[in-house]
Amino acid sequence: MAAHELSRTDARRIAVRAQLLDAARPADLHEMVRRLSLLQVDQTSAIAPNADLSSWSRLGSTYAPGDLERALADGSMVELRGFIRPAQDLALYRADMAAWPGSGDVAEWMLAQRDWIDDNDACHRDITARLELSGPLTARDIPDTCIVPWRSTGWNNNRNVRMMLDLMEQRGEIATAGHKGRDRLWDLAVRVYPDDAVVPAPEARLLRDETRLRALGIARGKTTACPVEPNDVGTAGEPAVIDGVRGEWRVDPAQLGQPFSGRAALLSPLDRLVYDRSRMAELFDFDYQLEMYKPAAKRRWGYFALPILYGDRLVGKVDATADRKARVLRVDAIHRDVRFTKTMTAAIDHEIRDLADWLELDLDLPG
């Protein structure tokens with residue numbers, strides 16, 4: 001079929017509306033997660049953990065972090081490899097878990113992971129037995145009985161128990177059963193995951209692409225590989241081209257021709273609207289990086305600056321920190337990428353004040 005011809009404004013509005021960041025807020029947390037398909041778990045709490053901050057951005061102060069904790073506890077949502085998903089979506093991943101590391105042309109590094117588990121079979125069996133007897137447990141509760149250490153040039157070097165747990169999760173043997181502070185609690189998957197019928201792998205991959213496109217609205221059919229949760233959508237949806245942007249895109253046809261009414265929103269740096277930085281730059285022409293890993297002197301916008309959405313544009317960043325000891329939300333700067341009108345300023349100021357109220361902190365503004 002012929003590709004849909006879209007302006008950048010069209011594409012941005014599709015993306016914002018699909019991510020539930022337009023004026024029509026979702027009714028509740030369950031509807032929001034079902035339509036977004038996921039919330040990324042990240043415990044960095046310069047302001048609030050990502051899953052909570054992303055939920056507040058959409059639901060406002062009606063959202064309480066306890067709502068998400070209860071949804072995980074009652075099994076209506078599950079955490080899988082660092083993403084919270086509706087429990088029913090887990091059926092789309094079980095076939096790949098059972099076939100791990102895969103069949104056919106499997107990457108050498110994945111075969112090496114399989115061999116590492118085999119080399120440490122006694123540790124693998126020991127973890128399974130401990131969880132069966134005493135779970136849920138954190139990684140700190142489990143002794144390291146690996147014979148062959150995990151080798152890495154990164155920070156996971158010799159983190160044997162944590163890597164074994166991660167791989168066992170990928171195999172569908174264990175699952176996240178909650179958190180103890182910042183640590184995940186692990187248990188046997190049969191105690192955590194719903195006993196739904198498994199969707200065959202080829203069908204599941206297509207359904208995951210379709211689900212991802214509905215949540216993003218518009219995305220590349222193929223782009224740079226991203227671990228765990230891809231940014232591309234394969235052949236889902238229909239082809240589209242965007243004026244002034246190279247290449248072909250895929251668009252959710254249900255989003256075409258829909259009315260748009262925008263609002264102001266403050267976003268987590270890991271919000272799905274901005275998480276794919278290439279897509280963000282192409283659609284929104286927005287210059288942004290998460291600078292928490294940079295030396296303070298090299299930061300342009302701040303440690304955990306929040307992108308500002310206004311309507312269908314990303315218009316600036318809020319450099320803020322939740323100082324819980326002082327019980328203050330400290331706003332060090334508001335970086336304006338465009339000229340703010342009085343209406344914009346009032347709407348953005350309202351969101352900043354609402355954020356402070358939601359956090360139950362006083363507000364300390366610059367100047």
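**Entry 1: before I start**
Contact, as I use the word here, means heavy atoms within 4.5 Å. I am working with a predicted model, where local features need pLDDT of at least 70, side-chain atom pairs count only at pLDDT 80 or more, and totals for chains, interfaces and linings use all residues. Residues are numbered from 1 along each chain as its sequence is written, and side-chain values use heavy atoms, with hydrogens and water left out.

**Entry 2: G178**
I went to G178 and found its place in strand β5, which covers residues 174-180. (Helices, H or I with at least four residues, and strands, E with at least two, are DSSP runs numbered from the N terminus.) Is G178 buried or exposed? Neither: its relative accessible area is 23%, so I noted G178 as partly exposed. (Buried is under 20%, exposed over 50%, partly exposed in between, with a 1.4 Å probe and protein chains only.) Leaving aside residues up to four places away in sequence, G178 touches D183, R184 and L185. I also looked up its distance to V241, 63 residues apart along the chain: 43 Å separates the two C-alpha atoms.

**Entry 3: helix α3 and N50**
Next I turned to α3, residues 50-59. How many of its residues are buried? The count is 10 of the 10, so α3 is largely enclosed by the rest of the structure. Among the buried ones I listed W56, R58 and L59. Just after the helix comes G60, with a positive phi near 75°.

N50 belongs to this helix, and with 3% relative accessibility N50 is counted as buried. Which side chain makes a polar contact with that of N50? I found S268, at 2.6 Å. (A polar contact is an N or O pair within 3.5 Å; within protein, one atom must be able to donate a hydrogen and the other to accept it, and residues adjacent in sequence count only if both atoms are side-chain atoms.) Beyond four places in sequence, N50 touches Q40, D42, T44, S268, L270 and D271.

**Entry 4: two helix pairs**
α3 also meets α2 (residues 29-36); their axes come within 11 Å and cross at roughly 105°. (Axes are lines fitted to C-alpha atoms, for helices over the stretch in contact, with angles from 0 to 180 degrees between N-to-C directions.) That makes α2 and α3 roughly perpendicular to each other. I found L29, M32 and L36 on the α2 side, and S55, R58 and L59 on the α3 side.

The second pair is α1 (residues 8-18) with α12 (residues 277-284), packed at about 135° with their axes 9 Å apart. I therefore wrote these two down as oblique. (Under 35 degrees is roughly parallel, over 145 roughly antiparallel, 65 to 115 roughly perpendicular, the rest oblique.) From α1, the residues R8, A11, R12, A15 and V16 meet R279, E282, L283 and F284 of α12.

**Entry 5: a hairpin**
I followed β3 (residues 77-80) residue by residue: M77 and E79 point one way, V78 and L80 point the other way, and all are buried. Its antiparallel pairing with β4 (residues 83-86) runs over four bridges. (Two strands pair if DSSP finds at least two bridges between them.) What is the bridge partner of E79 in β4? I found I84. Two residues sit between the strands of this hairpin, and in the turn R81 has a positive phi of about 50°.

**Entry 6: a five-strand sheet**
Here I traced an open sheet in the order β10-β11-β12-β13-β14, with mixed pairing. Why is one side of β10 (264-266) and of β14 (362-364) left without a neighbour in the sheet? Both stand at the edges, each with a single partner strand, so there is no neighbour on the other side. On average, neighbouring strands are turned by 30° against each other, direction ignored. β10 pairs with β11 (residues 306-310) in the antiparallel sense over three bridges, and A265 has L309 as its bridge partner in β11. Helix α13 (residues 342-359) lies across β10, β11, β12, β13 and β14, at about 40° to β10.

**Entry 7: R250**
My last stop was R250 in strand β9, residues 249-251. With a relative accessibility of 15%, R250 counts as buried. Its side chain reaches the backbone oxygen of G237 at 2.9 Å. Among the residues R250 touches, beyond four places in sequence, I noted L213, I218, V233, T235, G237 and P239.

Definitions and conventions: Two strands pair if DSSP finds at least two bridges between them.
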